[in-house]
Each structure stands twice: as structure tokens, then as C-alpha cells.
Amino acid sequence: MPSPMSTPGAPCWIDLVTSDISAARTFYGELFGWEFETGDQEKYGGYTTARKNGKTVAGIMQKDAGMAALPDIWSTYLRSEDAAATAEAVGRHGGQVYMPPMDVPEQGFMAIFGDASGASIGVWQPREMKGYELVAEPGSAAWHELHAKDYDAAVRFYQDVFGWDTEVMSDSPEFRYTTLGSGMSAQAGILDASGYLPAEVPSHWQVYFAVADTDASIAQATAMGATVLDGPEDSSFGRVAMLADPTGATFKIISSQAGPAA
């Protein structure tokens, strides 16, 4: 996989918005072997950075009162060289600006957009904080996948707004899938989800975490209060399962390195 910090438009960061940051630290710390550092409350609102073997892998943020009605959620961020220009492009290509670019002192600029399929996607324009430093190794992000109800609009959106160089992995009526990049160098995927997502579930991004042993990780996670939502099952790229953490945030695990995980 190319460097996670070098490719404009590619995933570069993930974070969790949670209703219980103490429980999240305990759960993910034990499951993935993470260590944590909490940022200055006044400058960064207590935003917590997770590290694995000394390298940054993710962020965790406690919900505030205004977010209480929203579900706990993992989010993917794409790298932008100019978050303000990206926001303008989002509007021109059928997306929405949920949170305009915000200056994170010394670190960079972040924004949250809605893409043309209705999925929420983050953007990060780096300064000192370049993004995650570890990928596709146990305890770090291995894959990012958009489940899109409007597949064609989603593919065009990421091509037009983020300059994605895409490859069609499959275009059968049963399985339509496009990747950012090709083969084992691909960095994200878009899946046509129109045939299976229920009306009440919007298009959304999912984060896959690499693990050494999917079944062992499931046993450990469920012992700590997680729920298995799907799988485990074998795929061409590894053994996959979908979990919800103890407060309901969903994520996937896969016992392999990078590559399309559908």
C-alpha cells in the first residue's frame, strides 16, 4: 500500500465519536493494543490520539451535548491539499458541507461533508499532524469502504472532487465494486449497496481493522461487551467479521493486510 500520508484524496485518518470515551479506551486498548494521549482540553477539546507501537493509528472524541442524539460512529478522513477548495468542489458536484473547514491549531484543517450518495466523509488538510502512521498491520486500519445506495453518483463524486484514479473490480448485476487504485495497491472501495441496505439505513463508510486472528479477536471483543453483527466469513482477502463495540459503534476486522475486503 502507498504511504498513508502521501496521496491526496486517499484515506489518511480515522476517528471514533463515542458516548463513553473511558469505555472506548479500555475496549480498543485491549483489543488492538493501543496506547493513548489526550490533547489539551482548551485547544483540542480533549481529543485523544491512539498509538500502536509508538505510531499514530486513530483518534477518539467524546460526544458533547449537541451530539447526544447521534449514534457512536467511526469516520474515515480523506487527505486534501486545500480543504476550502474541496468544500467548494463538494457543493459543485452534488454533495453537502456538514461542517466547513475548521482550523485545528498547529495540526491542520478538518471538515465533514456529505457525498453525492448521502454518506458522511471527513477531510483532513495536514500541517503538523500528517495522518495515521501505521496501516494494514494488526491494530491499524486495513481498508475503507463506502456502501453507496447511489453507486454511479458516488463513483463520479470521488473522481470529480478528490481526483480518484479508479478501477472497476466487478460490474456484474450482483456485485458492483470500484476501487481507488488497483490491485493490492488500492486504498479504498465503493460498493453498490442499493440492493441490500434498508430504507432507514443511509449510505455510509465502514472501517476495517487488521487483526492477526479474526476468530480470536471476536472472542476477545465479545468478552468485553461487543456484538457480532455479521460473520465471520472467509473472503479472497482474509477472514472478515463486522462488530459493534460496547456503545454501538460498528467496525470490521480482517485477518489480512490491505486490499479490497468485500
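These exercises work through a predicted model, from its two domains down to single side chains.

**Exercise 1. The two domains**

Task: State where the chain divides into domain 1 and domain 2, and how far apart their C-alpha centres lie.

Solution.
Step 1. Take the bounds. Domain 1 covers 10-126. Domain 2 covers 140-256.
Step 2. Take the spacing. The C-alpha centres of the two domains are 18 Å apart.
Step 3. List who takes part in the contact. Domain 1 supplies 33 residues, and domain 2 supplies 36 residues.

**Exercise 2. The character of the interface**

Task: Describe the interface of domain 1 and domain 2 by buried area, salt bridges and polar contacts.

Solution.
Step 1. Start with area. The size of an interface is often expressed as accessible area lost when the parts come together. Here about 2,700 Å² is buried between domain 1 and domain 2. Carbon and sulfur atoms give 74% of that area.
Step 2. Check for charge pairs. The rule finds 0 salt bridges across this interface.
Step 3. Check for polar contacts. Across the interface of domain 1 and domain 2, 6 residue pairs are in polar contact, both residues being at pLDDT 80 or more.
Step 4. Find the elements on the side of domain 1 that touches domain 2. Those giving two or more residues are strands S1 (11-18), S5 (73-79) and S8 (120-126), with helices H1 (21-32) and H3 (83-92).
Step 5. Pick the main contributor. H1 gives the most to this side, with 5 residues.
Step 6. Sort this side of domain 1 by class. There are 19 nonpolar, 10 polar and 4 charged residues.

**Exercise 3. Ile-112 and its surroundings**

Task: Decide whether Ile-112 is buried or exposed, and name the residues that Ile-112 touches.

Solution.
Step 1. Place the residue. Ile-112 sits in strand S7 (residues 108-114).
Step 2. Apply the cut-off. The relative accessible area of Ile-112 is 17%, so the residue counts as buried, the limit being under 20%.
Step 3. Read the contacts, leaving out residues up to four places away in sequence. Ile-112 touches Tyr-77, Val-97, Tyr-98, Met-99, Ser-120, Ile-121 and Gly-122.
Step 4. Look at one of these partners. Gly-122 is 10 residues from Ile-112 in sequence, yet their C-alpha atoms are 4.4 Å apart.

**Exercise 4. Three salt bridges**

Task: How many salt bridges does a search of the whole structure find? Then examine the pairs Glu-37 with Arg-51, Asp-152 with Arg-176, and Arg-239 with Asp-234.

Solution.
Step 1. Take the total. The search finds 10 salt bridges.
Step 2. Examine Glu-37 and Arg-51. Their closest N and O atoms are 2.7 Å apart. Glu-37 belongs to strand S2 (residues 35-38) and Arg-51 to strand S3 (residues 48-52), so this pair links distant parts of the chain, 14 residues apart. Glu-37 is partly exposed at 44% relative accessible area. Arg-51 is also partly exposed, at 25%.
Step 3. Examine Asp-152 and Arg-176. Their closest N and O atoms are 2.8 Å apart. Asp-152 lies in helix H4 (residues 151-162) and Arg-176 in strand S11 (residues 175-180), so the bridge ties together parts 24 residues apart in sequence. Asp-152 is partly exposed at 36%, and Arg-176 is partly exposed at 21%.
Step 4. Examine Arg-239 and Asp-234. Their side chains meet at 3.1 Å, N to O. Arg-239 is partly exposed at 24%, whereas Asp-234 is exposed at 60%.
Step 5. Look for shared partners. Asp-152, Asp-171, Arg-176 and Asp-192 are joined into one network.

**Exercise 5. Two buried side chains with backbone partners**

Task: Which backbone atoms do the side chains of Ser-170 and Thr-214 approach?

Solution.
Step 1. Place Ser-170. The residue lies in strand S10 (residues 166-172) and is buried at 17% relative accessibility.
Step 2. Find the partner. The Ser-170 side chain reaches the backbone oxygen of Phe-175 at 2.7 Å. Beyond four places in sequence, Ser-170 touches Tyr-151, Phe-175, Arg-176 and Tyr-177.
Step 3. Place Thr-214. The residue is in helix H5 (residues 214-223) and is buried at 2%.
Step 4. Find the partner. A polar atom of the Thr-214 side chain lies 3.2 Å from the backbone nitrogen of Ser-255.
Step 5. Add the surroundings. Beyond four places in sequence, the contacts of Thr-214 include Pro-232, Arg-239, Val-240 and Ile-254.

Methods:
Residues are numbered from 1 along each chain as its sequence is written. This is a predicted model: local features need pLDDT of at least 70, side-chain atom pairs count only at pLDDT 80 or more; totals for chains, interfaces and linings use all residues. Side-chain values use heavy atoms; hydrogens and water are left out. Domain bounds come from an automatic or database domain assignment. Contact means heavy atoms within 4.5 Å. Buried area is the accessible area (1.4 Å probe) that two parts lose on being put together, summed over both. A salt bridge is a side-chain nitrogen of Lys or Arg within 4 Å of a carboxyl oxygen of Asp or Glu. A polar contact is a pair of N or O atoms within 3.5 Å; within protein, one must be able to donate a hydrogen and the other to accept it, and residues adjacent in sequence count only if both atoms are side-chain atoms. Helices (H or I, at least four residues) and strands (E, at least two) are DSSP runs, numbered from the N terminus. Ala, Val, Leu, Ile, Met, Phe, Trp, Tyr, Cys and Pro count as nonpolar, Asp, Glu, Lys and Arg as charged, and the others, Gly among them, as polar. Buried means under 20% relative accessible area, exposed over 50%, partly exposed in between (1.4 Å probe, protein chains only).
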